[in-house]
Amino acid sequence: MEAHAATVEHAHGPPEAHQSSRIDRQTLGILLFIVSEVMLFGAFFASYFFLRVVANVGPWPPEGFDLPTAVAGVNTAILISSSFTVHYALVSIQRGNRRGLIAGLGATWLLGFTFLFIQFNEYVHIGFSARNGAFGTIFYGLTGLHGAHVTVGLILLAMANIRAWRGHFTSEPKKHLGVEVPGIYWHFVDVMWIIVFTTVYIL
Amino acid sequence: MVAALKRPGLGRAALGGLLGFGFGYGLVVVLRLISGLPATQTAQTGYPQLIVGMITAAFGFLIGLGAFDYWFRWAAGAPTYPAELEHKAHGAHSWRDYFKFNTDHKVIGIQYICTTFVFFFIGGAMAMIMRTELAQPGTQIVEPGTFNSLFSAHAAIMIFVFVIPVFAGIANYVLPLMIGAPDMAFPRLNALSFWMLPIAGLLFVGSFLAPGGGFDAGWTGYAPLSTGAPLGQSFFNLGVQFAGASSVATALNFLVTIITMRAPGMNFWRLPLLVWANLSTSLLVVAATPFIAGVQFMVLFDRLLHTNFFQELNGGDVLSYQHIFWFYSHPAVYIMMLPGFGIVSEVISTHARKPIFGYRLMALALIGIIVLSYTVWAHHMFVSGMFAWLRIPMMITTLLIAVPTGIKIFSWLATLFGSKLHLRSTAMLFALGFIVTFTIGGISGVMLGMVPIDIHVSDTYFIVAHIHFVLFGGSVFTIFAGIYHWFPKMTGRMYDERLGRVHFWLTLVGMLGTFVPMHWIGMEGMPRRVADYSAQFGDWNLLISCFSFLLGAAQLIFLYNMIVSWKWGPLAGDNPWRARTIEWLVSSPPPIFNFDQIPRVVGGPYEYGVPGARHAILGPAEAEVGAAEPAVAGSAGTGPT
Ligand code: HEM
Ligand SMILES: [Cu+2]
């Protein structure tokens with residue numbers, strides 16, 4: 001331990017790490033995180049496969065399970081449009097347009113929240129629960145897992161919103177990672193929804 | 001007192017845990033009352049108020065510890081500053097700093113290693129109890145039900161809170177140094193990953209206190225055994241989630257660190273093999289661990305919310321548990337082995353003073369193993385009643401894995417060939433022992449990969465023999481090799497080499513005596529996971545138990561050696577093994593920020609005996625170096641990402 005004490009000098013900080021790749025840490029980090037998220041969804045899709053293809057006899061969805069595909073379709077459109085708004089926010093701040101940034105992020109948040117609200121409403125009126133057969137289970141399993149991700153995305157975007165209002169982001173390359181990184185995550189949430197929607201509601 | 005509870009630390013963490021528990025418990029009670037249900041629910045598989053309470057308690061604990069202080073500031077839009085400058089939270093100035101939320105990778109490495117070894121000894125004690133029970137047929141000291149909980153907890157602890165994280169701990173300490181980085185890419189995430197581990201471990205150990213006893217469905221937790229089991233099973237489900245989240249976060253951290261923070265000149269073909277090993281392990285963790293998280297969530301939902309993922313009567317599919325579980329857990333056996341391969345490569349090359357034979361092939365074999373390991377999961381399910389057509393493809397891929405694994409074994413042997421072997425350094429002894437015992441385990445693995453043999457020995461002691469040859473003879477031996485090898489670097493002191501050798505030989509003898517006979521009684525048909533057995537196996541089991549006590553006792557020598565040497569051992573110097581990799585170029589223990597200046601890498605890591613060869617240069621540019629090799633900047637980042 002003495003050796004430690006001897007070397008402790010607060011005078012200087014750590015040396016700057018050598019940047020050995022073109023990609024920056026935060027972006028690579030969120031991409032890898034998305035890989036593991038995709039695999040988490042993969043586990044639930046695997047379960048979907050077993051429940052529908054291996055275990056199920058008879059029609060799918062079974063008698064008596066009606067999905068409001070039209071409403072969910074509108075909801076899908078809402079979520080997809082939020083991908084464009086978050087992209088607009090990023091492009092705005094890259095051009096130094098703070099108003100565009102704030103408008104874009106705010107719109108994204110509201111669209112995401114609307115999506116969640118409509119989905120919650122759908123749960124209330126859908127007429128079956130997660131306890132009703134394999135279909136109920138996997139319907140709530142997949143859409144619920146996705147809903148949890150939308151919630152996380154909204155939390156991240158809320159932080160980005162706060163910091164955008166406070167003017168923490170500028171157009172310099174590394175000074176708007178706080179918009180870029182949640183944005184990447186948000187795109188992932190959107191793409192994932194398209195897959196979940198197609199699987200659960202359409203196929 | 002009040003001030004102590006306001007400062008981030010263990011005190012505030014304990015308070016946070018309590019408040020968190022109260023919050024979660026209260027939340028469930030309130031929600032239940034609102035929906036017109038009785039306030040609490042204590043059906044066998046239920047207890048939602050306790051489960052939610054435990055989850056929120058864990059978060060309360062982490063918040064209290066200060067794990068989220070920075071992120072809270074960030075979220076609120078307040079000014080933030082990098083962790084390295086928070087003097088209190090970076091680097092160890094006294095032993096107390098090891099009990100705090102600390103962002104220094106070296107402190108975190110030590111925290112990991114010490115914590116995981118605590119769990120190693122707890123899990124080991126459980127094994128000793130089991131061997132006492134099994135010394136004779138009939139009931140000795142524990143009831144069959146308790147025995148079931150013991151072997152389940154033993155395996156869960158050893159796998160999830162010892163082997164997997166101790167490798168993360170060793171790599172945490174040495175990997176940033178090896179690649180010439182001042183720290184990990186995300187120091188706060190790194191600290192958070194560590195602090196999720198004790199939570200997982202406490203859940204596994206604490207399950208014994210749950211009404212109905214500890215979880216008893218094995219470390220595999222197959223449905224429907226697990227979906228109908230008492231409360232203790234939920235402790236397992238939650239513990240796996242915390243351990244899993246911890247290893248995903250660490251793996252992500254390693255990947256980003258290795259890809260973006262290598263010193264100038266450290267291109268992918270100059271990475272020490274330990275770094276390669278952790279690169280490939282981390283790829284496995286990031287892409288496979290979510291599967292076990294997913295499947296444990298499903299079990300939890302089936303238990304708590306009465307969903308039907310695995311409820312055959314309501315349209316669920318019970319076998320899907322095994323498919324999803326093994327799709328993680330076969331890759332997981334390589335998560336438990338590949339970092340060990342890396343350690344052994346370092347140890348053998350350094351102590352034999354020879355370049356690694358076939359360095360590039362060694363790295364490529366790792367990649368081969370991780371790709372193949374996704375294609376073999378159903379070899380654990382040959383007798384489960386799964387699709388019959390899947391058996392032969394799984395058998396073929398399983399046998400194929402022996403090829404890259406064999407490449408590694410032969411490379412180590414070729415590295416050793418012609419070197420002056422002296423059996424004095426404990427690290428080298430463990431590495432050599434590893435080659436022998438792991439090869440035996442690999443051979444029994446290939447036998448198990450063949451469907452007819454597997455059907456014969458499924459669920460017998462042959463499996464127990466196999467997993468212990470690969471996990472004890474494989475993983476644990478490499479862990480010991482790594483600990484002895486880097487002990488001087490981590491503590492600045494030398495351990496007692498004589499005691500180390502005694503530890504090795506007793507461990508080897510105890511290990512062989514314990515697990516070799518298990519092959520035999522397994523072939524004869526003694527089932528695994530039982531507290532009692534037919535009298536014909538009595539003699540063998542007595543012998544096994546005796547050797548296992550020897551094995552257990554030998555570990556106490558290790559413990560003694562480590563503790564005493566850490567405090568009183570002779571000073572080790574910077575580079576007692578005359579090794580080449582960068583961690584040996586700095587002081588022991590290394591300075592708080594690792595380097596004053598990022599080193600420059602000018603050659604391969606293992607060029608022992610090559611005249612004039614250098615791996616890396618520390619400090620200000622020397623004239624002779626300028627000509628040696630142009631520093632590879634920017635362009636080095638285009639490796640296998
Ligand atoms: C050449 C390499 C290997 C092959 C071919 C192989 C093959 C197998 C097979 C076929 C089984 C299934 C036996 C059964 O349940 O009927 C098995 C079980 C097992 N293997 Fe391996 N294995 C290899 C290496 C490893 C390694 C490196 C580890 C860990 C470090 C490992 C850990 C395990 C464990 C823990 C089990 C038992 C799982 C349980 O509890 O049911 N194996 N192995
Ligand atoms: Cu396997």
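**Chain B: domains, fold and contacts**

In this predicted model, the C-alpha centres of domain 1 and domain 2 of chain B lie 32 Å apart.

Q: What makes these two stretches of chain B separate domains?
A: The bounds come from an automatic or database assignment. That assignment gives domain 1 as 2-50 + 59-74 and domain 2 as 103-568.

Q: How many residues of each domain take part in the contact?
A: Domain 1 of chain B gives ten residues and domain 2 of chain B gives eleven. Helix α3(B), residues 48-65, gives the most on the domain 1 side, with four. By class, that side has seven nonpolar, three polar and no charged residues.

Q: Which elements does chain B contain?
A: Chain B has 19 helices and two strands.

Q: Why is chain B called as compact as a globular protein of its length?
A: The rule takes 2.2 Å times the number of residues to the power 0.38. For 641 residues it gives 26 Å, and the radius of gyration of chain B is 25 Å, so the label holds. Along its principal axes, the C-alpha trace spans about 80 × 65 × 50 Å.

Q: What share of chain B is buried?
A: A residue counts as buried if 20 or more other C-beta atoms lie within 10 Å of its own. By that test, 57% of the 641 residues in chain B are buried.

Q: What share of the contacts in chain B joins residues at least 24 apart?
A: The share is 80%, taken among contacts between residues at least 6 apart in sequence.

Q: How do you know whether α14(B) has the expected span or departs from it?
A: Take 1.5 Å times one less than the number of residues. For the 24 residues of α14(B), 426-449, 34 Å is expected. From first C-alpha to last, the helix reaches 34 Å, so the two are close.

Q: What makes α14(B) mostly covered?
A: 17 of its 24 residues are buried.

Q: Which residues come nearest to ligand 1?
A: Of the 24 residues around ligand 1, they are Val333(B), Gly445(B), Leu448(B), Ile467(B) and Val470(B). Elements giving two or more residues to this shell are α13, α14 and α16 of chain B. The most come from α16(B), with seven. The shell has eleven nonpolar, twelve polar and one charged residues.

Q: How many residues of chain B are in contact with chain A?
A: 59 residues of chain B meet 45 of chain A. α9(B) gives the most on the chain B side, with eight. That side has 35 nonpolar, 19 polar and five charged residues.

Methods:
Residues are numbered from 1 along each chain as its sequence is written. Chains are lettered from A and ligands numbered from 1 in the order in which they are written. This is a predicted model: local features need pLDDT of at least 70, side-chain atom pairs count only at pLDDT 80 or more; totals for chains, interfaces and linings use all residues. A residue is buried if 20 or more other C-beta atoms lie within 10 Å of its own, exposed if 12 or fewer, and partly exposed in between; C-beta atoms are placed from the backbone. Two residues are in contact if their C-beta atoms, placed from the backbone, lie within 7 Å. Ala, Val, Leu, Ile, Met, Phe, Trp, Tyr, Cys and Pro count as nonpolar, Asp, Glu, Lys and Arg as charged, and the others, Gly among them, as polar. A residue is near a molecule or strand if its C-beta atom, placed from the backbone, lies within 6 Å of it.
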